[in-house]
Structures are given as structure tokens and as C-alpha cells.
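User: I am new to this structure and should like to learn how to read its features. Could you please guide me through some of them?

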2 protein chains.
Amino acid sequence: MMKNLSSEFFLGIDGGGTKCRARIMTVQGKELGIGLGGPANAYQNLTQTQTSILEATLEALKSAGLTADSITQMIAGVGLAGVNVPSVFAAMSHWQHPFKRMHLTTDLHIACLGAHRGDGAVIVVGTGSCGYSMVDGKSLMLGGHGFLLGDKGSAAWIGLEAVKAVLLAMDHLGEQTSLSQLLCSDADANAMSLLEKMTHARSSDYAQLAKHVLIAADANDMVAKRILSEGADYLSALAAQLWATHPKRMSLIGGMSAQILPWLSSDIASKISTPMSQPEYGAIYFAQQKEKTFLP
Amino acid sequence: MMKNLSSEFFLGIDGGGTKCRARIMTVQGKELGIGLGGPANAYQNLTQTQTSILEATLEALKSAGLTADSITQMIAGVGLAGVNVPSVFAAMSHWQHPFKRMHLTTDLHIACLGAHRGDGAVIVVGTGSCGYSMVDGKSLMLGGHGFLLGDKGSAAWIGLEAVKAVLLAMDHLGEQTSLSQLLCSDADANAMSLLEKMTHARSSDYAQLAKHVLIAADANDMVAKRILSEGADYLSALAAQLWATHPKRMSLIGGMSAQILPWLSSDIASKISTPMSQPEYGAIYFAQQKEKTFLP
């Protein structure tokens, strides 16, 4: 089945630290196919990011019933983690990509465009955390500093604080907590080997531990509750800063969003709106803005 | 000049994350020579640790006027960072070393033996932080979890907290602080490129930033003062735990000890005693304990 008769298609790419999603639409806005690729954090690994984008695109072409060489007919909107760093944006822009044209922006920008089909604000709470607003062509980015230096309220940060709390409790320099039992059972470890195991762990490994903090907090563990409150207080403050830019809507997205929402202050939580579309749609919307070719 | 007529010598090795010191003495306690080698943290790099020990030993042999082959006459007391981790201790014990005999223990143990010429307690505050006591053959180790998970009050932790504070201030999610100016001038960076620069920095890079926190605190910067107070409160609590083991003396050692001492609680600060000898002497003392050959 050969569909590549029309001369152009829109390709939306949403690249993050663990995976990369691709979506293909006709210029008339008809959905053709989707694809998935590997990690695409341009800050962490530029070459791997490009490979993952191609991988996801080729899968999407196949799912759309298009041949691999139709890749040259794609007008790509590409939103990537890490390109908020100017040097990384520059390096990625110089990619000799196979697309007809490529429009590059941050993963936050396309998430925001997807969530609101235009201006608005998003708070991303997944492995990491950050906030973003885009209002009348002016953007504000907050947080997103990585779990070593920030990312408060994120799954990785919650997991990191849990390990710290267990180590303090082990030394009798912090309150005893049911997290000691929960984390050590999970890691099949005692506190000493938990330390050994987690010292060189990645943020995604720490993020896996966040579920135990939620469980412990539900069972009224004070240490777990303090961790979640501290993280949520940061996110509430971040939301207040974003509201100050007067976005028309605000969404909470990412893998921890449902779990952390009840911990946000009520005035912030009550004003959170459901995202309208996925980030890949935002990426296509971004490409359309740049091409000034809007869908009907 | 050939001195290697006696059949045995004591070699004391003090191995840490940045360097390794060696000291040679006769069995009668006469000092013969000293040497310096590279990093010797057995947890971080086992092969490099062994190379650094040999490097320091060969330099000490030379300074003692002994030939390189006298290395086989050395009874070595070796104190190393990282061998508190059981698997690392085991791996290091299997080293096919060139010494007559090797007695292995932690850097903390030899620091404690050196500081008190016997039982006692030490708080190490350098790049990292930890506490140790040895009383009647029972040891207690506290902290030392690395700057990602602990090491509160250490130079690396202080530097890390300073960068976090600058990033929060940049986002208007934390109090404004003179640290922003101090850290960015140092790194020849703005806050965004400071982040880029520090994301993959090592603990020793963060430790270099601690001096700015001391300067800012002297100038009454509240953020800097809070960082130092929080770190010092942890160290005071750690000291209280160590006193509970009833050591006869307690010393504060490491590159940050003089700077952090004024921030400790007065009851803790007033009971800090000056170390009697360097850790390499402690390493020799440890070997003598194991050999049951005490100096006169």
C-alpha cells in the first residue's frame, strides 16, 4: 500500500530521557501513524538522540504505510529534553537530518502546546520536575535542574530523599521510619548495601523508589509525609510563579502528576486543567506555527 | 647508603580520595622516610589505589635511603578510604602485594589511632564528612555516605547547597543571596551556565565552592549562614552520638575542620582535642597491634 502521493507530511517528535515518540499527520490533519524510539535527551547524548528520533520516525512511517524514503517529505516539529541549554540547542540544530525541514524546540514547549493547543503553563512531574509557561511569545522555565541540584517533588528527588532518610535513621541521626524496611526489602539489601547500591544509581533508579514513599505516607509515616510535603510545597510555589505570567490554563503532566496532586496546596490543585493533547501533537502544532500552515 | 640491614620495617599508608601518604619506621620506632602517591579510594578505583600505594612506598623507600627491593621487608599498616564496604575490603585483601605482610583497615580507623595513639573518636570534615569511634575493640562509623546522599557539613555538601540556593534564587523560588554573584564570578558563568558546569562536576569541584559560603556568611548572608548552621547541626548531632560510646578523646580532622568548628554547638566544640599524630602513624600503630610488636 503506497500512500506517499502528497508531497508533505507533518512529523511530531517528543524526545525525553527514557523514550522518544513520533506521530505523522497529513497537512490536512489526518492521523497516519505512530512510532517509538529510545532515549532522546540531547544534553545527555546527542548521537543517541538523533538515532532515537530516526528509529521512532521509521516506525511511524511503517505504521502509516509509508516507505522509509518518504522521510524526506516530513516537516518535523521536534521537542527535546536538554535543548534548553544553548550549546546543546546549537549542536542539535546542526544535525544533517533527513527531513524536508526541522523545527526544533524544547520538550516543555511542545508539552505546553499539546496540553493547551496554544499558550498556557505546564508543570512536569515525572522522573524530574520543572515548570514552563508560554504567554504571548514570552516563555518562562523554572526548575529542571536535575535531581542532584533540584527537581524537588519529582519521583527521583522523592526516592533520593527517602534513601537519605533511611541512612540518617540507620545512624540514629534522623527519625526512625518505615521507609527503612520498605527500601531495603525492595533492594533485597540492608541499609549498608542499599547505600552501596544507590551511590552510583541513576535518577531513574531513584524514581523507582518513590512508590514506597507514597505507601509509607498513606500509612502515616511522618518522614514520608515530610518528604512529600516538602516536594509539593516547592511545586506549589513554582505554580504560583507560573500563574504570575497569566497563562490561560495550567496542566500537571508526567508520571508522578496524579500521585503528587493531592499534596499540592488546594488553591493550586483546584486550578489544574486536564491536558488537551499529547506532546507529539504539540510538536506538530509547533511545526505548523513555524510553517504558518495551520490545520483547519 | 644502604640501611636495609635490619630484616623488618614498619610502613604506614594513609590512602584517601585525593592522595596517599607513606611513612617508614624501624621496628625500634625511628623515622626513616616519607612518600606521596596519587588517589587511593579503594571503592572508587582498586587498581589505581594499589598503584598509588606502591608509588608512595617507593618514594618513601628512596627518602629513607633504602633500595626498592627492600619493599619485601615492609610490614605494612594500610588505612584506605572505601574499604568500609565489605566487598571492597575483600577485593583489596586479595591484592598480591609486595610487602612482607599487609594489615588492612579503614582510613578512619588509622586516623583515630593516630589522633589518640589508641582508642578515641574522630570527626572528619574535608571534602566529605563522617564520624568514627573505637572504644575497647568496638567501632562505630557514622555518615560518610557521599555528597549525593549525605556528607552534611562537608566542603562538597556546602558547595552543593550553595549551587542549589543560587538556582532557587534564579527562579525566584528561594531567597536572594550574595552567593549568586560569588559563585558565578568564580565559575566565570551566569546562573544557567553555572548549572551546565556543575551538573557533571565531582565532589572535589563542589568542595572548591565552600570558601564562598564562608565568605558570604562572614558578610551576614542569611542563606550562607543557614547552610553552615544546617551542616554544623548535623556534625554536632553526630558528635553527640560518638560521645555516647564513651571515647576518652575526640578530634576534628580534615580540610574544613578549622572553618566549621566555630559553627558547632559550644558544648561539642569545647570538648574537641588536637590530634596527637598523623594518620600514617596510626597505620603503623595498627600494624604493630596486629603484629603484637609495640614500640618502646
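Analyst: Certainly; please keep in mind that this is a predicted model. Let us begin with how a strand sits in its surroundings. A residue counts as buried when its relative accessible area is under 20%. In strand β7 (residues 129-135) of chain A, seven of the seven residues are buried, so the strand is largely enclosed by the rest of the structure.

User: Which residues point one way from β7(A), and which the other way?

Analyst: Ser129(A), Gly131(A), Ser133(A) and Val135(A) point one way, while Cys130(A), Tyr132(A) and Met134(A) point the other way. All of them are buried.

User: How many bridges join strand β6 (residues 120-125) of chain A to β7(A)?

Analyst: Six bridges join these strands, which run antiparallel. Within this pairing, Ser129(A) of β7(A) has Val125(A) opposite. The two strands form a hairpin, with three residues between them.

User: What is the pairing of β7(A) with strand β8 (residues 138-143) of chain A?

Analyst: That pairing is also antiparallel, over six bridges. Leu142(A) in β8(A) is the bridge partner of Gly131(A). Here too the strands form a hairpin, with two residues between them. In the turn, Asp136(A) has a positive phi of about 50°.

User: Which residues of helix α5 (residues 179-187) of chain A are buried?

Analyst: They are Leu179(A), Leu183(A), Cys184(A) and Ala187(A). These residues cover an arc of only 115° around the axis, and therefore lie on the same side of α5(A). Just after the helix, Asp188(A) takes a positive phi of about 50°.

Key
Residues numbered from 1 in each chain as written. Chains lettered and ligands numbered in written order. Predicted model: local features only at pLDDT ≥ 70, side-chain atom pairs only at ≥ 80, totals over all residues. Heavy atoms only, no water. Buried < 20%, exposed > 50% of the residue type's maximum accessible area, 1.4 Å probe, protein only. Helix = DSSP H or I, 4+ residues; strand = E, 2+ residues; numbered from the N terminus. Arc of directions from axis to C-beta. Pairing = 2+ DSSP bridges.
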